[in-house]
Amino acid sequence: MGADGVRNTLLEYAAKQPAIRVLQGRGAAYAVALPHSTTRVVVRHNRHGGLFGRITGDLFLAPTRAPYELDMALQLSKLGVPTPDVVAFVLYPPGGLLQRADVVSVEVTGGRDLAEILVKDGSAERAAALDATARLVAALTRAGARHPDLNAKNVLVTYERAYVLDVDRVVLGGSAEDATEANLARLSRSLRKWHDRFGARISERDIAELEANARRGAESAA
């Protein structure tokens, strides 16, 4: 509750904080410092994507995907898949069968999504980002994890590694081969879309090399 006595959501609270960093994705998200702490977190509001999202917006069947996202982030971390730590979630009315949710995760310092790097950066940075992404896909393979929405906006890259985002739809337990092919097919389709629609500087040769490196990385660790 704010000082004026008005109840705020976590997202509304984050939007009013100093030293805020606005992140664009499926709706705005905000990177802010926790009160009385140097730790920075990302606060985002869960929304549906695609055509279905135009109808359902931010309403999910209770208890929403937020608890699953927390559990999946913990599982992926244990399995060696880099993903930001989820530290909290809050559910909001209307309640009953339908609820809304905000999710809070630790901010990855210096992280930018793969799409931004492919559009804006030079060849050396793009090559390093694609190499890190290949290692991420290999890690997903070793975990038997399939991400139905593994796209260029859901890969967060730093100078050291790539992290997978929006893990609330990740499924574990399938075969490594199925996970590899499904993840690469979805990611490659996204990369081609960013090339065609937004001028991302990535070629078919780059995509083929990423796919080969991801498969090679998964096999070498088997």
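**Entry 1: Trp194 and Phe198**

I began with Trp194 and Phe198 in helix 6 (residues 176–198), and because they are 4 residues apart there, I place them about one helical turn from each other. I note here that I am working from a predicted model. A pair of aromatic rings is described by the distance of the centres and the angle of the planes, so I looked up both values. The structure holds 1 aromatic pair, and I found that Trp194 and Phe198 form it in a tilted arrangement, with 4.4 Å centre to centre and 40° between the planes. I then checked accessibility: Trp194 has a relative accessible area of 16% and is therefore buried, whereas Phe198, with 43%, is partly exposed.

**Entry 2: a salt bridge from helix 6 to helix 7**

Staying with helix 6, I looked at Arg192, which forms a salt bridge with Glu204, the closest N and O atoms being 2.8 Å apart. I recorded that this pair links distant parts of the chain, with Glu204 in helix 7 (residues 204–220) and Arg192 in helix 6, 12 residues apart. Glu204 counts as partly exposed because its relative accessibility is 48%, and Arg192 also counts as partly exposed, at 33%.

**Entry 3: the other salt bridges I followed**

My search of the whole structure gave 13 salt bridges, and I wrote up some of them. One of them joins the side chains of Arg21 and Glu107, at 2.7 Å from N to O. I traced Arg21 to strand 1 (residues 21–25) and Glu107 to the loop between strand 6 (98–106) and strand 7 (112–113), so that the pair, 86 residues apart, links distant parts of the chain. Arg21 is partly exposed at 35% relative accessibility, while Glu107 is buried at 13%.

I turned next to helix 4 (residues 114–120), where Glu116 and Lys120 lie 4 residues apart, about one turn of the helix. These two form a salt bridge whose closest N and O atoms are 3.9 Å apart, and I kept in mind that the cut-off for a salt bridge is 4 Å. Glu116 has a relative accessible area of 27% and is partly exposed; Lys120, at 58%, counts as exposed. I also found that both residues belong to a network of salt bridges that links Arg112, Glu116, Lys120 and Asp121.

**Entry 4: helix 3**

For helix 3 (residues 66–78) I compared expected and computed length: at 1.5 Å a residue its 13 residues should span 18 Å, and the end C-alpha atoms are 19 Å apart, which agrees. I listed its buried residues as Ala66, Glu69, Met72, Ala73 and Leu76. Because they cover an arc of only 115° around the axis, I place them on the same side of helix 3. I then asked which strands these buried residues pack against, and I found strand 3 (40–45), strand 5 (86–95), strand 6, strand 8 (145–146), strand 10 (162–164) and strand 11 (171–172). Just after helix 3, I noted that Gly80 takes a positive phi of about 85°.

**Entry 5: Ala127**

Last, I looked up Ala127, which I located in helix 5 (residues 123–143). With 47% relative accessibility, Ala127 counts as partly exposed. I also took its separation from Ile117, which is 10 residues away along the chain, and found 9.8 Å between the C-alpha atoms of the two.

Note on methods:
Residues are numbered from 1 along each chain as its sequence is written. This is a predicted model: local features need pLDDT of at least 70, side-chain atom pairs count only at pLDDT 80 or more; totals for chains, interfaces and linings use all residues. Side-chain values use heavy atoms; hydrogens and water are left out. Helices (H or I, at least four residues) and strands (E, at least two) are DSSP runs, numbered from the N terminus. Buried means under 20% relative accessible area, exposed over 50%, partly exposed in between (1.4 Å probe, protein chains only). Rings of Phe, Tyr and Trp (its six-membered ring) pair if their centres lie within 6.5 Å; planes under 30 degrees apart count as stacked, over 60 as edge-to-face and the rest as tilted. The expected span of a helix is 1.5 Å times one less than its number of residues. The arc is that of the directions from the helix axis to the C-beta atoms. Contact means heavy atoms within 4.5 Å.
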